[in-house]
Amino acid sequence: MKPSPLLIRLLLIACACALAVSAARIWWPAAAGLLTSIWWLGFWVLALASLLDFATGRHNRGLGGRRQLPGNLALGVEQRIGLTLVNSGARPLSLLVTDQLPAQLRAQGLPLAIQLQPQQEIAADYSATPVRRGLAVFGQVEALVNSPWNLWQNKVLLGDAQQIKVYPNFLGISSLQALSTEQTLRFLGVHQQQRRGEGLDFRQLREYRKGDSQRQVDWRASARMQKLISREYQDERDQEIIFLLDCGRRMRARDGDLSHFDHALNALLLSAYVAIRQGDAVGLQCFAGSQSRLPPVKGEGGINLLLNHVYDLHSGTAHSDYTAAAEQLLARQQRRALVILLTNVRDEDSEDLTSAVAQLSRHHLVMVACLRERVLDQVQDQPIVDFDSALLNSAGRDFARRRGRLLQQLRARNTILADALPSQMHLSLVESYWQLKRSGKL
(Lines give C-alpha, C1' and ligand atoms only; values in the text may rest on other atoms or scores of the structure.)
Protein backbone atom coordinates (compact mmCIF):
# COMPACT_ATOMS: atom_id res chain seq x y z
CA MET A 1 0.00 0.00 0.00
CA LYS A 2 1.13 3.52 -0.72
CA PRO A 3 -0.48 6.96 -0.24
CA SER A 4 -2.64 8.05 -3.13
CA PRO A 5 -2.23 11.45 -4.81
CA LEU A 6 -5.40 12.56 -2.97
CA LEU A 7 -3.92 11.73 0.46
CA ILE A 8 -0.67 13.48 -0.41
CA ARG A 9 -2.60 16.60 -1.44
CA LEU A 10 -4.60 16.54 1.81
CA LEU A 11 -1.38 16.23 3.83
CA LEU A 12 0.12 19.17 1.97
CA ILE A 13 -3.01 21.20 2.69
CA ALA A 14 -2.72 20.23 6.36
CA CYS A 15 0.91 21.42 6.42
CA ALA A 16 -0.08 24.69 4.78
CA CYS A 17 -2.84 25.17 7.36
CA ALA A 18 -0.34 24.49 10.17
CA LEU A 19 1.84 27.29 8.85
CA ALA A 20 -1.21 29.57 8.69
CA VAL A 21 -2.06 28.78 12.32
CA SER A 22 1.53 29.53 13.36
CA ALA A 23 1.34 32.87 11.54
CA ALA A 24 -2.01 33.62 13.25
CA ARG A 25 -0.36 33.25 16.67
CA ILE A 26 1.82 36.24 15.70
CA TRP A 27 -0.56 38.44 13.69
CA TRP A 28 -4.00 37.47 15.11
CA PRO A 29 -3.53 36.14 18.67
CA ALA A 30 -7.23 36.41 19.53
CA ALA A 31 -8.24 33.80 16.93
CA ALA A 32 -5.16 31.57 17.30
CA GLY A 33 -6.77 29.28 19.89
CA LEU A 34 -9.88 28.61 17.78
CA LEU A 35 -7.83 28.03 14.63
CA THR A 36 -5.54 25.63 16.47
CA SER A 37 -8.51 23.59 17.71
CA ILE A 38 -10.00 23.43 14.21
CA TRP A 39 -6.65 22.32 12.79
CA TRP A 40 -6.23 19.52 15.34
CA LEU A 41 -9.81 18.39 14.72
CA GLY A 42 -9.21 18.23 10.96
CA PHE A 43 -5.90 16.45 11.49
CA TRP A 44 -7.40 13.71 13.66
CA VAL A 45 -10.32 13.27 11.27
CA LEU A 46 -7.87 12.81 8.39
CA ALA A 47 -5.72 10.44 10.44
CA LEU A 48 -8.70 8.31 11.49
CA ALA A 49 -10.11 8.25 7.95
CA SER A 50 -6.70 7.21 6.62
CA LEU A 51 -6.41 4.35 9.14
CA LEU A 52 -9.92 3.07 8.39
CA ASP A 53 -9.38 3.38 4.64
CA PHE A 54 -6.05 1.55 4.95
CA ALA A 55 -7.65 -1.29 6.87
CA THR A 56 -10.54 -1.74 4.42
CA GLY A 57 -8.53 -1.21 1.25
CA ARG A 58 -5.48 -3.41 1.86
CA HIS A 59 -7.28 -6.54 0.68
CA ASN A 60 -8.79 -6.66 -2.80
CA ARG A 61 -10.59 -9.98 -2.84
CA GLY A 62 -12.28 -10.93 -6.06
CA LEU A 63 -10.06 -8.93 -8.41
CA GLY A 64 -8.74 -10.96 -11.35
CA GLY A 65 -7.25 -10.31 -14.75
CA ARG A 66 -5.56 -11.85 -17.74
CA ARG A 67 -3.81 -10.82 -20.95
CA GLN A 68 -4.71 -11.93 -24.48
CA LEU A 69 -1.79 -12.00 -26.92
CA PRO A 70 -2.01 -12.52 -30.69
CA GLY A 71 -0.46 -15.64 -32.21
CA ASN A 72 2.75 -13.75 -32.98
CA LEU A 73 4.09 -10.25 -33.54
CA ALA A 74 5.81 -8.75 -36.58
CA LEU A 75 8.64 -6.25 -36.38
CA GLY A 76 7.40 -2.67 -36.80
CA VAL A 77 3.72 -3.68 -37.08
CA GLU A 78 1.34 -2.23 -34.49
CA GLN A 79 -0.79 -4.82 -32.69
CA ARG A 80 -3.53 -4.64 -30.08
CA ILE A 81 -2.89 -6.39 -26.76
CA GLY A 82 -6.07 -7.32 -24.91
CA LEU A 83 -6.67 -7.18 -21.15
CA THR A 84 -9.63 -8.70 -19.30
CA LEU A 85 -10.36 -7.52 -15.75
CA VAL A 86 -12.91 -9.11 -13.42
CA ASN A 87 -14.34 -7.86 -10.12
CA SER A 88 -16.14 -10.66 -8.29
CA GLY A 89 -16.00 -8.79 -4.97
CA ALA A 90 -18.64 -6.80 -3.14
CA ARG A 91 -17.35 -3.24 -3.57
CA PRO A 92 -16.61 -1.07 -6.63
CA LEU A 93 -12.95 -0.82 -7.63
CA SER A 94 -11.09 2.05 -9.22
CA LEU A 95 -7.98 0.81 -11.05
CA LEU A 96 -4.97 2.21 -12.84
CA VAL A 97 -3.74 -0.67 -15.02
CA THR A 98 -0.43 -1.10 -16.82
CA ASP A 99 1.57 -4.04 -18.17
CA GLN A 100 5.04 -5.42 -17.61
CA LEU A 101 6.29 -5.08 -21.19
CA PRO A 102 9.36 -6.72 -22.72
CA ALA A 103 12.18 -4.49 -23.93
CA GLN A 104 11.34 -5.33 -27.57
CA LEU A 105 8.02 -3.48 -27.47
CA ARG A 106 6.93 0.15 -27.36
CA ALA A 107 3.41 0.64 -26.05
CA GLN A 108 0.86 3.42 -26.48
CA GLY A 109 -2.24 3.92 -24.36
CA LEU A 110 -0.88 2.85 -20.96
CA PRO A 111 -1.79 3.16 -18.13
CA LEU A 112 -5.53 2.51 -18.38
CA ALA A 113 -7.99 4.03 -15.89
CA ILE A 114 -10.81 1.53 -15.27
CA GLN A 115 -13.86 1.49 -13.02
CA LEU A 116 -15.12 -1.97 -12.05
CA GLN A 117 -18.50 -2.46 -10.45
CA PRO A 118 -19.20 -5.55 -8.31
CA GLN A 119 -19.58 -8.74 -10.39
CA GLN A 120 -18.45 -6.92 -13.54
CA GLU A 121 -16.01 -8.00 -16.25
CA ILE A 122 -14.39 -5.44 -18.57
CA ALA A 123 -12.28 -5.95 -21.70
CA ALA A 124 -9.70 -3.29 -22.57
CA ASP A 125 -6.70 -3.10 -24.85
CA TYR A 126 -3.65 -1.04 -25.77
CA SER A 127 -1.38 -0.87 -28.82
CA ALA A 128 2.18 -2.19 -28.92
CA THR A 129 4.78 -1.97 -31.68
CA PRO A 130 7.77 -4.37 -31.71
CA VAL A 131 11.11 -2.64 -32.30
CA ARG A 132 13.34 -5.72 -32.09
CA ARG A 133 12.98 -9.34 -33.18
CA GLY A 134 13.29 -12.32 -30.88
CA LEU A 135 11.47 -13.88 -27.94
CA ALA A 136 9.44 -11.25 -26.07
CA VAL A 137 8.64 -12.09 -22.44
CA PHE A 138 5.73 -10.32 -20.75
CA GLY A 139 5.52 -10.13 -16.98
CA GLN A 140 2.25 -9.87 -15.08
CA VAL A 141 -0.41 -7.21 -15.44
CA GLU A 142 0.00 -4.50 -12.79
CA ALA A 143 -2.97 -2.73 -11.23
CA LEU A 144 -2.99 0.11 -8.69
CA VAL A 145 -6.27 -0.36 -6.79
CA ASN A 146 -7.69 2.61 -4.92
CA SER A 147 -9.03 2.13 -1.39
CA PRO A 148 -12.76 2.85 -0.79
CA TRP A 149 -12.10 6.52 0.01
CA ASN A 150 -9.24 6.82 -2.53
CA LEU A 151 -6.68 7.65 0.15
CA TRP A 152 -4.44 4.63 -0.52
CA GLN A 153 -3.34 2.60 -3.53
CA ASN A 154 -2.59 -1.10 -3.41
CA LYS A 155 -0.37 -2.66 -6.09
CA VAL A 156 -1.77 -5.98 -7.36
CA LEU A 157 -0.20 -8.37 -9.89
CA LEU A 158 -2.70 -10.15 -12.13
CA GLY A 159 -2.46 -13.02 -14.60
CA ASP A 160 0.63 -14.98 -15.56
CA ALA A 161 3.87 -14.21 -17.34
CA GLN A 162 3.68 -14.94 -21.08
CA GLN A 163 6.04 -15.05 -24.02
CA ILE A 164 5.60 -14.50 -27.73
CA LYS A 165 7.85 -14.51 -30.79
CA VAL A 166 8.55 -11.30 -32.68
CA TYR A 167 9.09 -12.23 -36.33
CA PRO A 168 10.51 -10.18 -39.19
CA ASN A 169 7.93 -8.25 -41.16
CA PHE A 170 8.31 -9.26 -44.81
CA LEU A 171 5.33 -7.63 -46.53
CA GLY A 172 2.75 -9.88 -44.95
CA ILE A 173 3.32 -13.25 -46.58
CA SER A 174 0.04 -14.40 -45.05
CA SER A 175 -1.77 -12.07 -47.46
CA LEU A 176 -0.01 -13.72 -50.42
CA GLN A 177 -0.72 -17.34 -49.53
CA ALA A 178 -4.04 -17.44 -51.34
CA LEU A 179 -2.50 -16.08 -54.56
CA SER A 180 -0.83 -18.02 -57.35
CA THR A 181 2.84 -17.42 -58.14
CA GLU A 182 1.97 -15.17 -61.07
CA GLN A 183 -0.51 -13.19 -58.97
CA THR A 184 2.07 -12.86 -56.20
CA LEU A 185 4.65 -11.48 -58.61
CA ARG A 186 2.15 -9.01 -60.06
CA PHE A 187 1.20 -7.94 -56.53
CA LEU A 188 4.87 -7.24 -55.79
CA GLY A 189 5.34 -5.35 -59.04
CA VAL A 190 7.82 -7.84 -60.53
CA HIS A 191 8.03 -7.77 -64.33
CA GLN A 192 7.51 -11.18 -65.90
CA GLN A 193 8.83 -12.21 -69.29
CA GLN A 194 6.33 -14.42 -71.02
CA ARG A 195 7.57 -17.73 -72.28
CA ARG A 196 5.70 -20.75 -73.61
CA GLY A 197 6.88 -24.35 -73.68
CA GLU A 198 10.54 -23.64 -72.97
CA GLY A 199 10.79 -25.08 -69.48
CA LEU A 200 12.71 -28.16 -68.57
CA ASP A 201 10.11 -30.26 -66.71
CA PHE A 202 7.10 -31.85 -68.44
CA ARG A 203 3.82 -30.48 -67.11
CA GLN A 204 0.91 -31.70 -69.25
CA LEU A 205 -0.47 -32.44 -72.72
CA ARG A 206 -2.78 -29.95 -74.37
CA GLU A 207 -4.13 -29.03 -77.79
CA TYR A 208 -1.70 -27.47 -80.22
CA ARG A 209 -1.69 -23.67 -80.22
CA LYS A 210 -0.45 -21.33 -82.85
CA GLY A 211 3.14 -20.48 -82.04
CA ASP A 212 4.07 -23.85 -80.54
CA SER A 213 7.35 -25.20 -81.87
CA GLN A 214 7.42 -28.46 -83.81
CA ARG A 215 9.47 -30.21 -81.12
CA GLN A 216 6.59 -29.69 -78.67
CA VAL A 217 4.21 -31.80 -80.74
CA ASP A 218 3.58 -35.25 -79.27
CA TRP A 219 3.01 -37.30 -82.43
CA ARG A 220 1.77 -40.44 -80.68
CA ALA A 221 -0.83 -38.51 -78.74
CA SER A 222 -1.75 -36.57 -81.90
CA ALA A 223 -2.31 -39.80 -83.83
CA ARG A 224 -4.39 -41.23 -81.02
CA MET A 225 -6.54 -38.09 -80.68
CA GLN A 226 -6.72 -37.37 -84.41
CA LYS A 227 -5.55 -33.79 -83.79
CA LEU A 228 -2.32 -32.02 -82.96
CA ILE A 229 -1.33 -32.36 -79.31
CA SER A 230 1.54 -30.40 -77.75
CA ARG A 231 3.61 -31.04 -74.67
CA GLU A 232 3.65 -28.20 -72.17
CA TYR A 233 6.66 -27.73 -69.95
CA GLN A 234 7.31 -25.79 -66.78
CA ASP A 235 10.40 -24.40 -65.16
CA GLU A 236 12.53 -27.05 -63.52
CA ARG A 237 11.66 -27.77 -59.92
CA ASP A 238 13.51 -29.41 -57.02
CA GLN A 239 16.42 -27.02 -57.30
CA GLU A 240 18.24 -25.62 -54.29
CA ILE A 241 18.78 -22.00 -53.23
CA ILE A 242 21.24 -21.31 -50.41
CA PHE A 243 21.22 -17.91 -48.73
CA LEU A 244 24.63 -16.89 -47.40
CA LEU A 245 23.67 -14.26 -44.84
CA ASP A 246 26.19 -11.72 -43.54
CA CYS A 247 25.74 -11.18 -39.78
CA GLY A 248 28.74 -8.84 -39.45
CA ARG A 249 29.01 -5.34 -38.09
CA ARG A 250 28.20 -3.54 -41.36
CA MET A 251 24.72 -5.02 -41.33
CA ARG A 252 24.03 -3.07 -38.14
CA ALA A 253 23.74 0.18 -40.12
CA ARG A 254 20.21 1.57 -40.07
CA ASP A 255 17.99 2.60 -42.95
CA GLY A 256 14.90 4.22 -41.51
CA ASP A 257 13.49 2.33 -38.53
CA LEU A 258 15.14 -0.96 -39.51
CA SER A 259 18.74 -2.08 -39.69
CA HIS A 260 20.30 -3.42 -42.90
CA PHE A 261 20.16 -6.86 -41.30
CA ASP A 262 16.39 -6.61 -40.81
CA HIS A 263 15.92 -5.45 -44.40
CA ALA A 264 18.09 -8.38 -45.55
CA LEU A 265 15.95 -10.81 -43.57
CA ASN A 266 12.78 -9.37 -45.10
CA ALA A 267 14.22 -9.81 -48.60
CA LEU A 268 15.47 -13.32 -47.78
CA LEU A 269 12.12 -14.51 -46.47
CA LEU A 270 10.07 -13.06 -49.31
CA SER A 271 12.31 -14.50 -52.04
CA ALA A 272 12.43 -17.83 -50.14
CA TYR A 273 8.64 -17.86 -50.10
CA VAL A 274 8.49 -17.32 -53.87
CA ALA A 275 11.13 -20.04 -54.43
CA ILE A 276 9.29 -22.55 -52.23
CA ARG A 277 6.08 -21.80 -54.11
CA GLN A 278 8.00 -22.70 -57.27
CA GLY A 279 8.92 -26.09 -55.82
CA ASP A 280 12.54 -25.26 -55.00
CA ALA A 281 14.31 -26.05 -51.73
CA VAL A 282 15.70 -23.17 -49.67
CA GLY A 283 18.56 -23.30 -47.17
CA LEU A 284 20.49 -20.83 -45.05
CA GLN A 285 24.04 -20.39 -43.80
CA CYS A 286 25.11 -17.43 -41.63
CA PHE A 287 28.62 -16.11 -41.18
CA ALA A 288 30.49 -13.35 -39.33
CA GLY A 289 29.30 -13.91 -35.79
CA SER A 290 26.37 -16.29 -35.95
CA GLN A 291 27.15 -19.69 -37.49
CA SER A 292 23.50 -20.72 -37.75
CA ARG A 293 22.71 -23.12 -40.57
CA LEU A 294 19.53 -24.62 -41.99
CA PRO A 295 19.76 -27.38 -44.63
CA PRO A 296 17.58 -26.89 -47.72
CA VAL A 297 13.89 -27.35 -46.99
CA LYS A 298 10.89 -27.34 -49.31
CA GLY A 299 7.15 -27.71 -49.23
CA GLU A 300 4.42 -25.71 -47.53
CA GLY A 301 6.03 -26.02 -44.11
CA GLY A 302 9.41 -24.85 -45.36
CA ILE A 303 8.74 -21.13 -44.98
CA ASN A 304 7.50 -21.62 -41.40
CA LEU A 305 10.61 -23.63 -40.56
CA LEU A 306 12.82 -20.92 -42.05
CA LEU A 307 10.89 -18.18 -40.27
CA ASN A 308 11.24 -19.86 -36.88
CA HIS A 309 14.94 -20.37 -37.57
CA VAL A 310 15.76 -16.72 -38.24
CA TYR A 311 13.32 -14.75 -36.06
CA ASP A 312 15.89 -14.30 -33.28
CA LEU A 313 19.00 -13.89 -35.45
CA HIS A 314 20.86 -10.61 -34.98
CA SER A 315 23.92 -9.00 -36.47
CA GLY A 316 27.06 -8.80 -34.34
CA THR A 317 30.30 -6.84 -34.32
CA ALA A 318 32.51 -9.41 -36.07
CA HIS A 319 34.35 -8.80 -39.36
CA SER A 320 32.81 -10.40 -42.45
CA ASP A 321 35.21 -13.06 -43.78
CA TYR A 322 33.80 -13.97 -47.19
CA THR A 323 36.51 -16.52 -48.04
CA ALA A 324 35.96 -18.50 -44.84
CA ALA A 325 32.20 -18.44 -45.42
CA ALA A 326 32.66 -19.74 -48.98
CA GLU A 327 34.90 -22.57 -47.76
CA GLN A 328 32.36 -23.61 -45.13
CA LEU A 329 29.53 -23.64 -47.65
CA LEU A 330 31.53 -25.65 -50.20
CA ALA A 331 32.34 -28.23 -47.54
CA ARG A 332 28.65 -28.67 -46.69
CA GLN A 333 26.85 -28.12 -49.99
CA GLN A 334 27.80 -30.69 -52.62
CA ARG A 335 24.82 -30.37 -54.95
CA ARG A 336 24.85 -27.47 -57.41
CA ALA A 337 22.71 -24.61 -56.11
CA LEU A 338 22.01 -20.93 -56.48
CA VAL A 339 24.03 -19.22 -53.72
CA ILE A 340 22.70 -15.78 -52.79
CA LEU A 341 25.15 -13.72 -50.74
CA LEU A 342 23.31 -11.02 -48.79
CA THR A 343 25.73 -8.36 -47.59
CA ASN A 344 26.79 -4.71 -47.56
CA VAL A 345 29.95 -4.49 -49.68
CA ARG A 346 32.73 -1.92 -49.53
CA ASP A 347 35.65 -1.39 -51.88
CA GLU A 348 38.10 -2.67 -49.25
CA ASP A 349 36.39 -6.05 -49.56
CA SER A 350 37.46 -6.34 -53.19
CA GLU A 351 40.12 -9.04 -52.85
CA ASP A 352 38.32 -11.15 -50.24
CA LEU A 353 34.92 -10.94 -51.95
CA THR A 354 36.12 -11.68 -55.49
CA SER A 355 38.15 -14.65 -54.17
CA ALA A 356 35.11 -16.05 -52.36
CA VAL A 357 32.88 -15.58 -55.41
CA ALA A 358 35.46 -17.31 -57.63
CA GLN A 359 35.55 -20.32 -55.29
CA LEU A 360 31.78 -20.60 -55.15
CA SER A 361 31.36 -20.15 -58.92
CA ARG A 362 33.31 -23.34 -59.64
CA HIS A 363 30.44 -25.43 -58.25
CA HIS A 364 27.45 -23.12 -57.90
CA LEU A 365 25.59 -20.27 -59.54
CA VAL A 366 26.36 -17.16 -57.47
CA MET A 367 24.30 -14.03 -56.87
CA VAL A 368 25.54 -11.14 -54.73
CA ALA A 369 22.77 -9.03 -53.19
CA CYS A 370 24.30 -5.68 -52.19
CA LEU A 371 22.49 -3.37 -49.80
CA ARG A 372 23.25 0.17 -50.94
CA GLU A 373 23.31 2.74 -48.16
CA ARG A 374 20.75 5.49 -48.68
CA VAL A 375 23.11 8.07 -47.20
CA LEU A 376 25.35 7.74 -50.29
CA ASP A 377 22.56 8.99 -52.53
CA GLN A 378 21.65 11.74 -50.06
CA VAL A 379 25.22 13.01 -49.80
CA GLN A 380 25.62 13.20 -53.58
CA ASP A 381 22.29 14.97 -54.01
CA GLN A 382 22.95 17.67 -51.43
CA PRO A 383 23.83 21.11 -52.87
CA ILE A 384 27.38 22.35 -52.39
CA VAL A 385 27.23 25.57 -50.39
CA ASP A 386 30.58 25.70 -48.62
CA PHE A 387 33.94 23.98 -48.36
CA ASP A 388 32.73 21.33 -45.89
CA SER A 389 29.79 20.34 -48.07
CA ALA A 390 32.15 20.16 -51.07
CA LEU A 391 34.43 17.76 -49.16
CA LEU A 392 31.47 15.63 -48.09
CA ASN A 393 30.11 15.49 -51.62
CA SER A 394 33.51 14.57 -53.07
CA ALA A 395 34.03 11.85 -50.46
CA GLY A 396 30.60 10.39 -51.17
CA ARG A 397 31.18 10.34 -54.91
CA ASP A 398 34.60 8.75 -54.47
CA PHE A 399 33.15 6.07 -52.19
CA ALA A 400 30.34 5.35 -54.67
CA ARG A 401 32.84 5.20 -57.56
CA ARG A 402 35.06 2.68 -55.78
CA ARG A 403 32.05 0.63 -54.77
CA GLY A 404 30.81 0.67 -58.37
CA ARG A 405 34.20 -0.52 -59.56
CA LEU A 406 33.96 -3.53 -57.21
CA LEU A 407 30.52 -4.39 -58.55
CA GLN A 408 31.87 -4.10 -62.09
CA GLN A 409 34.62 -6.60 -61.22
CA LEU A 410 31.97 -9.02 -59.99
CA ARG A 411 29.96 -8.61 -63.19
CA ALA A 412 33.09 -9.34 -65.20
CA ARG A 413 33.25 -12.70 -63.43
CA ASN A 414 29.67 -13.47 -64.58
CA THR A 415 28.33 -12.90 -61.07
CA ILE A 416 24.66 -12.02 -60.88
CA LEU A 417 24.09 -8.79 -58.95
CA ALA A 418 21.09 -7.40 -57.09
CA ASP A 419 22.12 -3.90 -56.01
CA ALA A 420 19.36 -1.91 -54.31
CA LEU A 421 18.49 0.27 -51.36
CA PRO A 422 17.65 -1.81 -48.27
CA SER A 423 13.95 -0.95 -48.47
CA GLN A 424 13.85 -2.14 -52.11
CA MET A 425 16.03 -5.24 -51.79
CA HIS A 426 13.06 -7.62 -51.49
CA LEU A 427 11.80 -6.58 -54.94
CA SER A 428 15.25 -6.70 -56.53
CA LEU A 429 15.97 -10.15 -55.11
CA VAL A 430 12.64 -11.66 -56.15
CA GLU A 431 12.94 -10.22 -59.66
CA SER A 432 16.52 -11.50 -60.06
CA TYR A 433 15.49 -14.99 -58.91
CA TRP A 434 12.49 -15.00 -61.25
CA GLN A 435 14.57 -13.95 -64.24
CA LEU A 436 17.07 -16.73 -63.50
CA LYS A 437 14.26 -19.23 -63.17
CA ARG A 438 12.66 -18.22 -66.45
CA SER A 439 15.98 -18.13 -68.32
CA GLY A 440 16.81 -21.73 -67.42
CA LYS A 441 20.19 -20.82 -65.92
CA LEU A 442 19.15 -22.08 -62.51
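User: Happy to look at this with you! Which residues of α10 are buried?

Analyst: In this predicted model, the buried residues of α10 are Ser389, Asn393, Gly396, Phe399, Arg403, Leu406, Leu407 and Leu410. They pack against α8 (350-361), β21 (365-371), α9 (374-381) and β22 (416-420).

User: How do you know that the span of α10 agrees with its 26 residues?

Analyst: Helix α10 covers residues 387-412, and at 1.5 Å a residue it should span 38 Å. Its end C-alpha atoms lie 37 Å apart, so the two values agree.

User: What makes Asp386 a cap for α10?

Analyst: A side-chain oxygen of Asp386 sits 3.4 Å from the backbone nitrogen of Asp388, at the N-terminal end of the helix. A polar contact needs the pair within 3.5 Å, so 3.4 Å qualifies under that cut-off. Just after α10, Asn414 has a positive phi of about 60 degrees.

User: Good to know! Why is Cys286 not called bonded to Cys247?

Analyst: A disulfide is a covalent bond between the sulfur atoms of two cysteines. To count here, the sulfurs must be within 2.5 Å. The closest cysteine sulfur to that of Cys286 belongs to Cys247, 4.0 Å away, and therefore too far for a bond. Searching the whole structure turns up zero disulfides.

User: And why is Cys286 called buried?

Analyst: Buried means under 20% relative accessible area. Cys286 has 0%, so it is buried. Cys370 is also at 0% and therefore counts as buried. Across the protein, buried residues make up 46% of the 442 residues.

Notes:
Residues are numbered from 1 along each chain as its sequence is written. This is a predicted model: local features need pLDDT of at least 70, side-chain atom pairs count only at pLDDT 80 or more; totals for chains, interfaces and linings use all residues. Side-chain values use heavy atoms; hydrogens and water are left out. Buried means under 20% relative accessible area, exposed over 50%, partly exposed in between (1.4 Å probe, protein chains only). Helices (H or I, at least four residues) and strands (E, at least two) are DSSP runs, numbered from the N terminus. The expected span of a helix is 1.5 Å times one less than its number of residues. Contact means heavy atoms within 4.5 Å. A polar contact is a pair of N or O atoms within 3.5 Å; within protein, one must be able to donate a hydrogen and the other to accept it, and residues adjacent in sequence count only if both atoms are side-chain atoms.
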